[in-house]
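Reader: Please take a close look at one part of this model for me. I would like to see how the two chains meet, and what lies behind that contact on the chain B side.

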Amino acid sequence: MNDSASLQIQQLVELLAVVSSLTDEASALQGAAERAAQALEAEVAVVVLGGRVKASIGFPLGAVPDEEVLAVARHERDKLDVPGLGVCAATAAAWAGTHPGHLVLARWADERFSVEERNLVRGMARVLELTLTMQRTLRAEHEMRERLEERQRLLEHLFDIQRAISRRRPLQQILETVTHAAQDLFGDEVVGLWLRDPADPGRAKLKAFEGLRGELAKRLPALAMADAGEAGEAMRLDAVVSRDGGVSAVLARRAGRPLHASLAAPVHDSGAVTGSLLVASGQPNRTYSAADEQMLQAFAEHVSLALTDANTVDRMYQAFHDSLTGLAGRSLFLERMTQQFASAHTDGEQVALLFVDLDLFKAVNDTLGHAAGDQVLMIAAERIKSQLRVGDLAGRFGGDEFAVMLSQVRGVAEAEGVAERICAALRLPMAVAGQQVAVDASIGVAIGAPGQTDPAALMRAADIAMYHAKRAGRGRHEVYAEAMALAFGPTTAA
Amino acid sequence: MGVGRSVDADTRAAAQAAVAEAVVGTEPKLLVVFAAITHDGEALLAALEEAAPGVPVVGCSTHGEIGPGGPTDGGVVVTALGGPGFAVSTTVAENVSGRQRDAGAAVAGCVAEAGSRPYKALLMLTDGLVRDQESIVRGAYSVLGATVPLFGGAAADGWRMTGSYVLGGGRVHRDAVVGATIASEAPLAVAMRHGWRKVGEPMIVTSSGNGRVYTLDDRPALDVFLDRLGAPADAYTDPEAFKRFALPRPLGVQRRSGVEARNLSTEVDLEGRSIGGGVAIDHGGLTWAMDGDTDTILAATDAACQDALAGLGGRPPLGMLTLSCAALRAVLGDDGIQREGARLEKWAEGVPFAGFYTYGEIARVRGIDGFHNQTLVVLALS
């Protein structure tokens with residue numbers, strides 16, 4: 001092989017090495033132009049792709065004569081006027097395929113390109129075509145792999161959110177899990193979750209966020225829908241809203257940077273629009289694809305799930321609890337007692353029931369009003385609860401009647417101890433309506449017999465004992481005894 | 001254009017004497033200063049400012065100074081450019097390592113500030129210990145294209161290899177490039193030549209990277225290179241002996257218009273059996289072992305001067321900047337560099353000339369590359 005042929009092969013190999021070592025297309029094209037110029041010792045090389053100049057060397061920066069170069073590419077001319085050199089011999093080679101292009105070279109005037117050199121340029125164009133095709137294929141595969149990985153991460157995030165919902169984590173914590181996951185997956189600077197203000201459903205309040213200045217965002221008042229930007233729009237339209245440019249200034253101020261694009265999806269509670277989830281980016285060229293919309297909707301639907309579930313739990317709680325004191329209502333109390341009886345009594349441990357009736361409560365109501373009465377009931381409920389152990393349960397059956405279930409007591413004395421402590425706690429003065437109010441309590445104590453399965457009988461027994469306590473002078477407790485029942489007439493008590 | 005020089009060891013005295021001799025007119029616009037590394041850069045700048053207040057200075061440290069009267073070591077040579085026919089602009093790019101191309105592009109930015117005279121050249125002086133100097137030149141070319149000739153050299157430090165300096169913007173810099181645009185009403189011409197001959201058959205670079213050649217023809221590059229040149233035994237085992245042997249024997253890299261010399265004597269790896277010099281050698285490239293002697297190198301000196309002067313289009317030269325390679329001194333010896341100086345003086349025909357022995361030469365003449373090793377580069381002004 002002569003030097004010239006081996007030099008040409010060397011040049012092709014070097015071009016291949018340069019182009020394939022540069023992973024982004026712009027660098028690869030620039031590298032190819034410069035390598036081609038070096039190989040032919042040309043002062044000018046230009047890569048044209050899709051009819052536009054994509055890389056060049058040899059013209060002053062920003063002064064490529066596009067039309068003249070394209071004319072050489074089309075073989076309409078074989079000379080180029082190059083600043084600093086004058087009219088130069090030019091040659092070009094084309095490639096076809098999905099992304100057709102041209103490699104154009106120009107060299108100092110008296111140096112025309114030989115047949116071998118034009119052949120080399122054609123070879124270089126071919127190498128460039130193959131390398132670009134390969135790089136694009138690899139890039140497409142890479143992007144597909146990235147999409148799959150993104151899908152996987154989405155599933156993992158959604159699984160985490162679902163687990164948080166099913167384990168009934170606090171709602172705020174679940175919402176923050178969602179905003180955090182959305183930021184991780186979208187890679188955007190800002191995520192915000194807006195919910196209707198319970199006090200004014202016409203306004204929306206920022207409930208959870210990422211990428212905003214904490215204190216500024218927390219102090220943000222509930223906004224009218226029209227002022228909440230894309231988030232408000234998504235709620236008004238009950239649809240996904242995408243915006244390139246002009247993102248509402250409300251968020252940008254709190255993000256401390258300009259925001260250029262946003263995407264918002266509505267969230268629902270029991271089917272009704274109740275808020276929206278928004279992502280926003282400070283990147284000037286950020287746009288959102290259909291896949292992005294789907295992803296945000298998936299997050300928004302999980303917010304809906306969490307809200308609906310939390311409200312269902314809330315409603316169930318309200319159904320079973322006394323709304324004033326938060327203590328168990330009668331039905332929940334009875335259910336829990338039945339459960340307690342059903343679980344076997346072992347090692348001589350028994351269930352005890354205390355019936356607590358406030359003394360002189362009516363007088364408080366009559367003299368200080370119902371609001372004060374309610375306050376007394378709330379304080380009493382707290383004081384009763386404070387005397388209980390884990391596993392015990394306090395309930396309010398209406399008016400000034402409270403009940404306490406002690407789940408595992410070893411005999412009457414232990415139950416009486418609790419009754420005494422409750423009496424003592426309730427006897428302490430209460431600060432109500434600017435006055436010190438004193439109430440007392442009469443407590444009936446009943447112990448479940450081994451094998452007993454009916455909570456109603458025990459309740460009746462405790463009730464009877466409580467009346468005895470009241471009759472015996474108030475502010476005290478009595479333990480149920482058979483004789484008490486006889487005094488009340490026929491009974492089913494144990 | 002005027003040139004003045006001094007070998008006074010006292011920096012202030014040397015600078016004053018050189019400036020006094022160089023400034024022949026009343027309107028100096030630029031001082032180009034080449035000084036031995038024994039002269040402190042700060043002291044030199046201060047003395048130059050004292051001798052020629054307000055005149056911009058570009059310059060660098062050397063491995064020997066070139067000018068009328070023969071080459072010197074330990075001297076200062078000052079070129080003063082001025083008069084109504086010239087305009088200049090200067091600039092400095094700092095922190096060059098790692099962003100060589102950007103630095104070259106930045107330096108090229110000063111060309112636009114030198115006005116609209118028809119002829120321009122960009123003088124670039126680089127810190128000689130910066131690697132990948134080709135990228136600095138490429139960066140300048142990417143901005144200017146072929147419109148402006150690129151010329152210059154890499155500062156040297158008298159073979160100490162501890163740090164050269166460049167001067168520009170009134171300060172002393174390391175890891176920097178200084179640029180000076182020379183704009184003229186009359187032609188400026190750049191030329192370059194080396195005096196090396198190919199030895200034996202070509203070798204293919206089968207592994208290279210990071211300014212090193214690992215294998216030639218799939219064998220350890222160090223051994224292939226030394227075998228090809230019939231090197232003495234100690235060059236295979238002793239770094240100093242290798243350097244002595246390889247310095248006057250560059251590796252030739254095939255280009256379309258000829259063979260480029262690459263100095264690979266400075267970074268030998270005796271364990272890995274590779275050779276290097278901080279210049280890019282392309283994988284797959286066709287290379288030759290090369291050698292030369294005083295006669296071939298002096299013939300190149302003649303040819304470079306002739307080419308540059310011919311580039312003036314028949315106009316008489318006002319002066320020349322002549323930069324030669326520090327490594328050539330190893331071949332030429334003390335006597336040889338005196339002969340080289342005499343050749344330069346002959347071609348100058350009485351007009352001033354100045355230059356220095358560099359760690360790399362810059363002259364873009366053909367194609368897009370312009371960084372050379374073991375080569376003489378000449379800028380002729382008219």
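Author: What follows goes from the contact to chain B behind it, then to the cores and two backbone details. Keep in mind that this is a predicted model.

Start with the contact itself. Chain B brings 26 residues to it, and chain A brings 28 residues. Together the two chains bury about 2200 Å². Carbon and sulfur atoms carry 49% of that area. On the chain B side, three residues lose the most area to chain A: Arg256(B), Arg366(B) and Ile368(B). Together they account for 30% of what that side buries.

Now the charged and polar pairs. Four salt bridges link chain B and chain A. One of them pairs Glu34(A) with Arg101(B). The closest N and O atoms of that pair are 2.5 Å apart. Polar contacts between the chains come to nine residue pairs, with both residues at pLDDT 80 or more.

Which elements of chain B supply the touching side? Three of them, α4 (133-144), β16 (251-255) and β19 (286-291), each give at least two residues. The largest share comes from α4(B), with five residues. By class, the side of chain B that touches chain A has nine nonpolar, nine polar and eight charged residues.

Stay with helix α4 of chain B for a moment. Glu134(B) lies in this helix. Is Glu134(B) buried or exposed? Its relative accessible area is 17%, so Glu134(B) counts as buried, the limit being under 20%. Beyond its neighbours within four places in sequence, Glu134(B) is in contact with Arg262(B), Val279(B), Ala280(B) and Phe371(B). Take Ala280(B) from that list. Glu134(B) and Ala280(B) are 146 residues apart along the chain, yet their C-alpha atoms are separated by 7.8 Å.

Step back to chain B as a whole. It has eight helices and 24 strands. Of its 382 residues, 62% are buried. Take the contacts in chain B between residues at least 6 apart in sequence: 79% of them join residues at least 24 apart.

Next, the cores. In soluble globular proteins, nonpolar side chains tend to be buried together. The largest nonpolar core in this model holds 91 residues. Its members that touch the most other members come from both chains: Leu80(A), Val82(A), Leu105(A), Leu122(B), Phe225(B) and Leu226(B). Look at Leu226(B). Not counting residues up to four places away in sequence, Leu226(B) touches Ala231(B), Ala235(B), Tyr236(B), Phe242(B) and Phe245(B). There is also a second, separate core of 37 residues. Among its members are Val259(B), Cys325(B), Ala326(B) and Phe353(B).

Last, two backbone details. Most residues other than glycine have a negative phi. Met161(B) has a positive phi, near 60 degrees. Met161(B) sits in the loop between β8 (150-154) and β9 (166-168) of chain B. Its relative accessibility is 35%, so Met161(B) counts as partly exposed. In chain A, Arg168(A) also has a positive phi, near 55 degrees. Arg168(A) is found in the loop between α4 (115-166) and α5 (171-186) of chain A.

Terms used
Residues numbered from 1 in each chain as written. Chains lettered and ligands numbered in written order. Predicted model: local features only at pLDDT ≥ 70, side-chain atom pairs only at ≥ 80, totals over all residues. Heavy atoms only, no water. Contact = heavy atoms within 4.5 Å. Buried area = accessible area lost by both parts, 1.4 Å probe. Salt bridge = Lys/Arg side-chain N within 4 Å of Asp/Glu carboxyl O. Polar contact = N/O pair within 3.5 Å; in protein donor to acceptor, adjacent residues only side chain to side chain. Helix = DSSP H or I, 4+ residues; strand = E, 2+ residues; numbered from the N terminus. Nonpolar A, V, L, I, M, F, W, Y, C, P; charged D, E, K, R; others polar. Buried < 20%, exposed > 50% of the residue type's maximum accessible area, 1.4 Å probe, protein only. Core = buried A, V, L, I, M, F, W, Y, C linked by side-chain atoms within 4.5 Å.
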